[in-house]
Amino acid sequence: MRRAPTILHLDMDAFYAAAEQAAKPSLRGKPVVVGGIGPRGVVATASYEARVFGVRSAMPTAQARRLCPNAAYLSPRFTLYRQVSEVVMELLRALSPLVEPLSLDEAFVDLEAGGVPAETAAVRAVGEQLRRDIRAATGLTGSVGLAGAKMLAKIASEAAKPDGLVVIEPGTERELLGPMPVRTLPGVGPATAETLRRAGIHTVAETAEAGEAELVRLLGKAHGTGLYGMALARDERPVVAERDAKSVSVEDTFEVDLTDRTRVRNEVLRLADRCVARLRSAGRSGRTVVIKVRNYDFSTLTRSETLRGPTDDPAVVREAAVRLLETVDTTGGVRLLGVGVSGLADFTQEDLFAQLATEREAAEQAAGATAEPEGVAAGEPEPGAELPRRWHPGLDVIHEEFGAGWVQGSGVGRVTVRFETPWSAPGRVRTFAVDDPALRPGEPLPLRGGPDQSSAPAIRPKSVSPADEDESAGGAEISRR
């Protein structure tokens with residue numbers, strides 16, 4: 001444990017929803033929910049205005065709609081979120097060479113490695129400047145926690161939300177943690193919390209009082225020992241700049257259960273191609289192919305196959321995924337499919353299976369061309385035919401006459417678009433036919449830098465008054481001084 005709060009944890013506030021509010025002036029100050037919009041969708045992020053109604057991350061979208069029917073429900077735009085994340089991560093790397101990203105909107109920073117003096121006043125000043133820099137560069141807000149250990153810094157940033165800064169002074173950790181619920185500690189999920197509750201353990205202090213031997217008896221050697229150390233505020237984990245990915249995977253949840261075996265197989269092939277594309281973009285290869293199948297009754301199973309060597313050949317991954325699918329009974333209906341590759345390496349190995357698969361695919365294509373000289377398979381679109389457009393809510397669009405905008409909704413052959421940009425006033429709404437040739441998908445616009453860009457924050461919870469904002473800007477400190 002460090003003697004100064006030189007580990008910083010940054011957590012952007014309601015990141016996806018805040019980015020959408022910053023990009024769409026008409027949504028600022030209004031409830032916004034980002035995630036899957038179908039009947040089986042799940043909430044990824046809810047704005048603070050939506051959280052007032054009880055909407056939370058990981059909640060089924062259908063439940064969120066019942067709680068907050070007037071919110072804007074938008075599909076995620078990861079291209080935009082990655083762009084903003086890159087800006088934020090560059091600001092963090094300017095502070096220290098040791099930056100450990102946990103996700104697009106969350107990271108640890110070792111300020112000591114960046115030469116910041118090991119003094120509370122110095123690290124607080126760095127944290128406050130970081131918050132100002134993030135707001136200036138992105139228009140969004142982030143919460144900062146500062147402590148002598150990673151676990152405590154994360155707890156501090158959670159206490160700072162939204163748009164605040166909290167410092168935990170070394171030496172005050174156990175008194176601070178004691179009354180907190182045991183689920184505050186990392187690694188304590190619903191199952192572990194229930195096991196502890198049955199043993200009469202509800203708070204962090206009670207966890208420490210139970211002793212290591214009792215926790216090992218309840219939870220096992222590794223989990224019990226680790227939890228006992230955290231209950232005593234011990235966390236020696238360093239900030240690691242490079243975290244090696246263990247696997248690459250993709251998955252899709254379907255609005256209607258898939259019962260047709262051919263459709264299931266085609267979806268697995270499509271997912272395998274997406275997985276390999278991600279694998280190649282990361283410059284990696286993998287040795288183990290994994291499929292995930294969630295049935296109509298929510299039962300989930302996985303199957304895996306280890307190849308003779310690492311590969312990034314799509315034919316190999318597709319063939320292995322199909323072989324694995326053949327071992328699974330899908331007749332009852334499938335609601336989710338996933339394909340992944342693990343056992344990652346930085347090189348590929350020429351594999352006989354890849355050669356065979358490629359040759360077989362070429363032979364099948366040649367045979368198909370001979371059997372069907374017109375080149376049109378039954379039930380498939382003609383080569384070059386344009387597939388029907390799907391106008392998801394929140395999608396960026398461009399209209400030849402009205403310019404940039406975003407989709408508010410679509411149905412019965414019509415699509416409604418609001419034309420506005422991050423730096424404009426709330427825009428007007430117009431409706432078009434879904435196949436209007438003047439309307440096409442667009443790319444996300446930058447959140448800052450446009451003409452007449454407002455300096456107002458992208459999100460401002462209604463429960464925070466100007467006086468509260470002034471107080472939070474100065475930060476808060478958890479200390480026994």
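The largest cavity in this predicted model is lined by 15 residues, and those nearest its centre are Arg77, Asp396, Gly405, Glu420 and Leu445. Two strands, E13 (396-399) and E14 (403-411), are the elements that each give two or more residues to this lining. Sorted by class, the lining has eight nonpolar residues, two polar ones and five charged ones. The space inside comes to about 120 Å³. Counting cavities of 30 Å³ or more gives two in total.

Next come the pockets. The largest pocket holds about 1,600 Å³ of space. Its lining is made up of 42 residues, with Gly36, Pro76, Glu251, Asp252 and Thr253 lying nearest the centre. Helix H4 (78-93), strand E9 (247-258), helix H12 (261-281) and strand E12 (334-345) each put at least two residues into that lining. Strand E9 has the largest share, at six residues. As for chemistry, the lining of the largest pocket splits into 16 charged, 15 nonpolar and 11 polar residues.

Strand E6 is a good place to look at how the strands fit together. Residues 106-110 make up E6, and five of the five are buried, so the strand is largely enclosed by the rest of the structure. Both of its faces are covered: one side carries Glu106, Phe108 and Asp110, the other carries Ala107 and Val109, and all of these are buried. Strand E1 (residues 7-12) runs antiparallel to E6 and is joined to it by five bridges. Within that pairing, His9 has Phe108 as its bridge partner in E6. Strand E5 (residues 99-103) also pairs with E6 in the antiparallel sense, this time over four bridges. Here Val99 is partnered with Val109 of E6. The link from E5 to E6 is a hairpin that passes through two residues.

The nonpolar interior tells a related story. The largest nonpolar core has 38 residues, and the ones touching the most other members are Leu8, Leu10, Leu92, Leu111, Leu140 and Leu146. Helix H1 (residues 15-23) gives the most to this core, namely seven residues. Apart from this core lies another one of 31 residues, which includes Phe108, Ala153, Leu176 and Val188. Once neighbours within four places in sequence are set aside, the contacts of Leu8 are Ala107, Phe108, Val109, Leu111, Gly127, Leu130, Val144, Gly145, Leu146 and Ala153. Among these contacts of Leu8 are three residues of E6, namely Ala107, Phe108 and Val109.

Back towards the start of the chain, Ala4 sits in the segment before E1. With a relative accessibility of 6%, Ala4 counts as buried, the cut-off being under 20%. Its C-alpha atom is separated by 7.1 Å from that of Glu169, although the two residues are 165 residues apart along the chain. Leaving out neighbours within four places in sequence, Ala4 is in contact with Ala118, Glu119, Ala147, Gly148 and Pro170.

A few spots in the backbone are out of the ordinary. Most residues other than glycine have a negative phi, and most peptide bonds are trans. The bond between Lys161 and Pro162, however, is a cis peptide bond, with omega at about -10°. Pro162 belongs to the loop between helix H6 (150-160) and strand E8 (165-168).

Two alanines go against the usual sign of phi. Ala58 is not a glycine, yet its phi is positive, at about 75°. The loop between helix H2 (48-51) and helix H3 (61-67) is where Ala58 is found. Ala233 likewise has a positive phi, near 65°, and is found in the loop between helix H11 (221-231) and E9. The surroundings of these two alanines can be set side by side: Ala58 counts as exposed at 62% relative accessibility, whereas Ala233 counts as buried at 5%.

Conventions
Residues are numbered from 1 along each chain as its sequence is written. This is a predicted model: local features need pLDDT of at least 70, side-chain atom pairs count only at pLDDT 80 or more; totals for chains, interfaces and linings use all residues. Side-chain values use heavy atoms; hydrogens and water are left out. Buried means under 20% relative accessible area, exposed over 50%, partly exposed in between (1.4 Å probe, protein chains only). Two strands pair if DSSP finds at least two bridges between them. On a 1 Å grid over the protein atoms alone, a cavity is a set of points where a 1.4 Å probe fits but cannot get out, and a pocket is an open set with protein on both sides within 12 Å along at least five of seven lines; lining residues have an atom within 4 Å of a point. Grid points are joined across faces, edges and corners, and a volume is the space filled by probe spheres set on the points. Ala, Val, Leu, Ile, Met, Phe, Trp, Tyr, Cys and Pro count as nonpolar, Asp, Glu, Lys and Arg as charged, and the others, Gly among them, as polar. A nonpolar core is a set of buried Ala, Val, Leu, Ile, Met, Phe, Trp, Tyr and Cys residues joined through side-chain atoms within 4.5 Å. Contact means heavy atoms within 4.5 Å.
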